[in-house]
Amino acid sequence: MYIKEIELQDFRNYQSLSAEFDPRVNIFHGKNAQGKTNLLESIYITSMGKSFRTSKDKDLIRFGADFFRVKVKAYKEDDNFIELAVNKQGKKGIKINGIKAKKISQLFENIYIVIFSPEDLRIVKDEPEKRRKFIDRELCQIRPSYYNSLNQYKKVLIQRNAYLKEPHVDPDVLDIWDSQLAEYGSKVILQRDVFIKKLEAISRSIHQGITDHKESLDVSYEPSIEPCSDLNSVFYEELRKHRKRDIKNRTTGKGPHKDDLKLQIGGIDIRGFGSQGQQRTAALSLKLSEIQLIREETGESPILLLDDVLSELDQQRQNDLISSLEDTQIFITATEISPELQRVLKHIRYFQIKNGAITKTSFAGV
Ligand SMILES: Nc1ncnc2c1ncn2[C@@H]1O[C@H](COP(=O)(O)OP(=O)(O)OP(=O)(O)O)[C@@H](O)[C@H]1O
Ligand SMILES: [Mg+2]
């Protein structure tokens with residue numbers, strides 16, 4: 001799977017852009033604030049239907065313009081044309097091979113994508129929400145049904161929490177939200193459980209490889225409610241049990257919105273007690289595992305976006321990352337690329353990004 005061409009209209013600081021990409025490595029280089037990350041963002045949105053930097057689609061419209069449009073030609077078995085546009089009113093339109101898509105989740109199977117940014121390097125030590133996002137992003141891509149369950153769960157949770165904030169809470173009304181929350185929430189938990197078990201096996205072997213068998217990484221699910229065969233009713237009972245507390249706290253205390261991913265090395269919880277190096281290496285292992293998992297689940301190699309992350313990794317970790325991705329299309333943004341990495345990276349296409357314009361260059365030092 002790879003992206004052949006892109007066209008942008010009034011996206012961020014690009015008035016118009018069209019570019020053809022290499023099936024292997026593409027490097028966007030240039031000074032700060034020129035539009036390198038913006039270009040990655042435009043690629044990302046054609047895969048996930050939203051940005052990785054903002055939830056406000058309208059922010060992506062070029063200042064002063066009325067709408068933006070991104071079009072890509074992506075290869076998967078055949079050429080596919082994906083088009084996404086958002087207008088000032090925030091209305092989003094998606095077309096796949098010229099046909100209007102009704103749901104965002106229809107995008108997911110056309111382009112699988114993995115993004116790695118400096119923020120992801122902090123995933124181990126950051127708050128649980130970041131790790132839940134990691135799980136959700138990945139699961140949505142490989143299981144569109146998960147995306148639906150998660151969205152339904154989030155909607156019901158918002159409604160239940162809003163109701164809990166009302167001056168008088170009627171248990172019968174709350175009960176309606178409880179049964180729905182249990183229904184969608186149990187689906188979310190069960191899918192996360194299966195996914196994390198697969199991630200556990202893959203990340204253990206990848207981490208051993210990266211650390212030369214010196215460290216063993218244990219990834220496990222830390223669910224708010226333990227998965228079991230009759231989870232729907234167990235979940236519902238948990239909500240009933242904690243009802244008084246929820247009414248007092250005016251918010252829902254139990255459910256997958258409280259889940260976490262536990263990360264241990266040699267029995268030590270590295271979220272709180274790992275060294276910075278251990279935390280960064282584990283983050284790299286998780287990213288590489290994400291790529292591997294998508295490959296195993298879909299038979300396709302996802303596209304990798306590396307936003308400013310190479311300069312954050314030492315040479316060895318840079319080589320580990322790049323050399324394990326022989327058949328993957330990679331987009332890299334950087335202000336500089338080390339000569340050693342240029343030797344490791346074969347078939348590179350360089351693009352200079354300057355003030356919302358792109359120029360193909362023959363090497364990175366221009
Ligand atoms: N909606 C928008 N319309 C026009 N310009 C925008 C819009 N949103 C962001 N920009 C501009 O885009 C530029 C930032 O682009 P981007 O984040 O891609 O920079 P970059 O090349 O990745 O820089 P760095 O190397 O610092 O990460 C800023 O100058 C910002 O003002
Ligand atoms: Mg940037």
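Start by selecting ligand 1 and the shell around it, which by class has four nonpolar, nine polar and five charged residues (Ala, Val, Leu, Ile, Met, Phe, Trp, Tyr, Cys and Pro count as nonpolar, Asp, Glu, Lys and Arg as charged, and the others, Gly among them, as polar). The shell consists of 18 residues, the closest being Asn13, Asn32, Lys36, Thr37 and Asn38; a residue is placed near a molecule or strand when its C-beta atom, positioned from the backbone, lies within 6 Å of it. What you have on screen is a predicted model, in which local features need pLDDT of at least 70 and side-chain atom pairs count only at pLDDT 80 or more, while totals for chains, interfaces and linings use all residues. Residues are numbered from 1 along each chain as its sequence is written, and chains are lettered from A and ligands numbered from 1 in the order in which they are written.

Next, select residues 36–48, helix H1, which gives the most to the shell around ligand 1, with three residues; helices (H or I, at least four residues) and strands (E, at least two) are DSSP runs, numbered from the N terminus.

From the ligand, move to the antiparallel sheet, an open one of six strands in the order E2-E1-E4-E5-E6-E7, where two strands pair if DSSP finds at least two bridges between them. Strand E2 (14–20) and strand E7 (99–100) stand at the edges, each with a single partner strand, so one side of each is left without a neighbour in the sheet. H1 packs on this sheet, touching strand E1 (2–11), E2, strand E4 (67–76) and strand E5 (78–87), and its direction makes about 110 degrees with that of E1. For such packing, residues are in contact if their C-beta atoms, placed from the backbone, lie within 7 Å, and axes are lines fitted to C-alpha atoms, for helices over the stretch in contact, with angles running from 0 to 180 degrees between N-to-C directions.

Within the sheet, follow the pairings one at a time. E1 and E4 run antiparallel and are joined by seven bridges, with isoleucine 3 having alanine 74 in E4 as its bridge partner. E4 and E5, also antiparallel, are joined by ten bridges, and tyrosine 75 stands opposite aspartate 79 in E5. Select glutamate 77 in the hairpin of E4 and E5, which has one residue between the strands, and you will find a positive phi near 65 degrees. Strand E6 (residues 92–96) pairs with E7 in the antiparallel sense over two bridges, and isoleucine 99 in E7 is the bridge partner of isoleucine 96.

Now turn to the other sheet, open and of mixed pairing, whose six strands have the order E8-E12-E13-E3-E14-E15. Its edge strands are strand E8 (113–116) and strand E15 (357–361), each pairing on one side only. Strand E3 (residues 25–29) and strand E14 (residues 348–354) run parallel and are joined by five bridges, valine 25 having isoleucine 348 in E14 as its bridge partner.

For the helices, begin with helix H5 (residues 144–164) and H6, whose axes come within 9 Å and cross at roughly 150 degrees. That makes H5 roughly antiparallel to H6, since angles under 35 degrees count as roughly parallel, over 145 as roughly antiparallel, 65 to 115 as roughly perpendicular and the rest as oblique. This crossing of H5 and H6 is left-handed, a term used if the near helix is turned anticlockwise from the far one by less than a right angle, with right-handed used if clockwise. The residues of the contact of H5 with H6 divide into twelve nonpolar, six polar and two charged.

Keep helix H6 (residues 171–210) selected and add helix H7 (residues 231–241), which packs against H6 at an angle of about 125 degrees, with their axes 8 Å apart. That makes H6 oblique to H7, and their crossing is right-handed. The H6 residues to display include Asp178, Leu181 and Ile189, which belong to a contact whose H7 members include Leu231, Phe235 and Arg240.

Finish with helix H4 (residues 128–142) and helix H10 (residues 276–298), which pack at an angle of about 20 degrees with their axes 10 Å apart. That makes H4 roughly parallel to H10, and H4 passes H10 in a right-handed crossing. Here Glu138, Gln141 and Ile142 in H4 meet Glu290, Leu293, Ile294, Glu297 and Thr298 in H10.

Definitions and conventions: Contact = placed C-beta atoms within 7 Å.
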